[in-house]
Amino acid sequence: MKTNSNTYTIIYSAIIVVIVAFLLAFVSQALKAKQDANVALDVKKQILNSLNIRGLGDADAEAKYSEVVKSEETVGEQKLYTCEIDGKPVYVCTVKGMGLWGPVYGYISIADDKNTVYGAYFNHDSETAGLGAEIKDSQAWQEKFQGKKINSDDDPNIDLGVAKKIENQESEVDAVTGATLTSNGVSLMLQEGLKPFMDILKNK
């Protein structure tokens, strides 16, 4: 076969593509167990972050998670983790929503009174760096949720939220500057996402 012919070029390219695809599939499969373990560890670290336990290395995070997380249960499509901090129960709820450019999600830990935020951690897939991405990158902003009330009265609706102009100091946190839509997404995520957990927590 002539090496400068179109047929040779097509066959050669096809063979290279098949070989590369095979190698990529092989490497992906070989690394899958490690990738799954890394994803699971990252989730554990995020849960610990919501419990105000941050900055741990991999081994320490695994050990601390095993120490404080006592049980896990499914609530619809979400998870509820029952933890123990300083001898008292703390409940971690998963929440999911939409930001400006894609999904936002996080973990809200609730103190043993079942109405006070113990801690919070948020994450995102594609929010704008320096703006909406601050929900993940700014620990100081996440810490503003500590001590806020989920319900400030007997109304069954969730009061906890994010507001550009705070009207309820007990339950609202300042919106991220320049990220109104992302902040609105976080607020809606909290108000809708926490609802399924409230009745369950009352019976804990």
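**View 1. A nonpolar patch sits on the surface of this predicted model**. Twelve names to spot here: Ile-11, Tyr-12, Ile-15, Ile-16, Ile-19, Val-20, Phe-22, Leu-23, Leu-24, Phe-26, Val-27 and Leu-31 make up the patch. Taken together, they offer about 1200 Å² of accessible area. Pick out Ile-16, which belongs to helix α1, the stretch covering residues 6-50. Is Ile-16 buried or partly exposed? Its relative accessibility is 36%, so Ile-16 counts as partly exposed.

**View 2. Lys-44 is another residue of helix α1**. With a relative accessibility of 22%, Lys-44 is also partly exposed; the cut-off for buried is under 20%. Which residues does Lys-44 touch, once neighbours within four places in sequence are set aside? The contacts are Glu-62 and Tyr-65. Now look back along the chain to Ala-25: between Ala-25 and Lys-44 there are 28 Å in space, C-alpha to C-alpha, and the two are 19 residues apart in sequence.

**View 3. Five strands line up in an open sheet**. Reading across, the order is β1-β2-β3-β4-β5, and the pairing is antiparallel. At the edges you'll find β1 (69-75) and β5 (117-124), each with pairing on one side only. On average, neighbouring strands are turned by 20° against each other, ignoring direction. As a reminder, strands of a sheet pair through backbone hydrogen bonds.

**View 4. Strands β3 and β4 run antiparallel, joined by eight bridges**. β3 spans residues 88-98 and β4 spans residues 103-110. To get from β3 to β4, the chain makes a hairpin through four residues. Two bridge pairs are handy landmarks: Val-95 partners Gly-106 in β4, and Gly-97 partners Val-104 in β4. How much of β4 is covered? Mostly: six of its eight residues are buried.

**View 5. On its way to β5, the chain makes another hairpin**. Here β4 and β5 pair in the antiparallel sense, with seven bridges between them. Look for Tyr-107, whose bridge partner in β5 is Tyr-121. Six residues lie between the strands in this hairpin, where Lys-114 takes a positive phi near 65°.

**View 6. Two helices meet the sheet**. Helix α5, made of residues 180-193, lies across β2 (78-85), β3, β4 and β5, and runs at about 125° to β3. Helix α6 (residues 195-202) packs on the sheet too, touching β1, β2, β3 and β4. The direction of α6 makes about 45° with that of β2.

Terms used:
Residues numbered from 1 in each chain as written. Predicted model: local features only at pLDDT ≥ 70, side-chain atom pairs only at ≥ 80, totals over all residues. Heavy atoms only, no water. Patch = residues over 30% accessible without salt bridge, like charges linked within 9 Å, V, L, I, M, F, W, Y side chains within 5 Å. Areas by Shrake-Rupley, 256 points an atom, 1.4 Å probe, with all protein chains shown as cover. Salt bridge = Lys/Arg side-chain N within 4 Å of Asp/Glu carboxyl O. Buried < 20%, exposed > 50% of the residue type's maximum accessible area, 1.4 Å probe, protein only. Pairing = 2+ DSSP bridges. Axes fitted to C-alpha atoms, helices over the stretch in contact; angles between N-to-C directions. Contact = heavy atoms within 4.5 Å.
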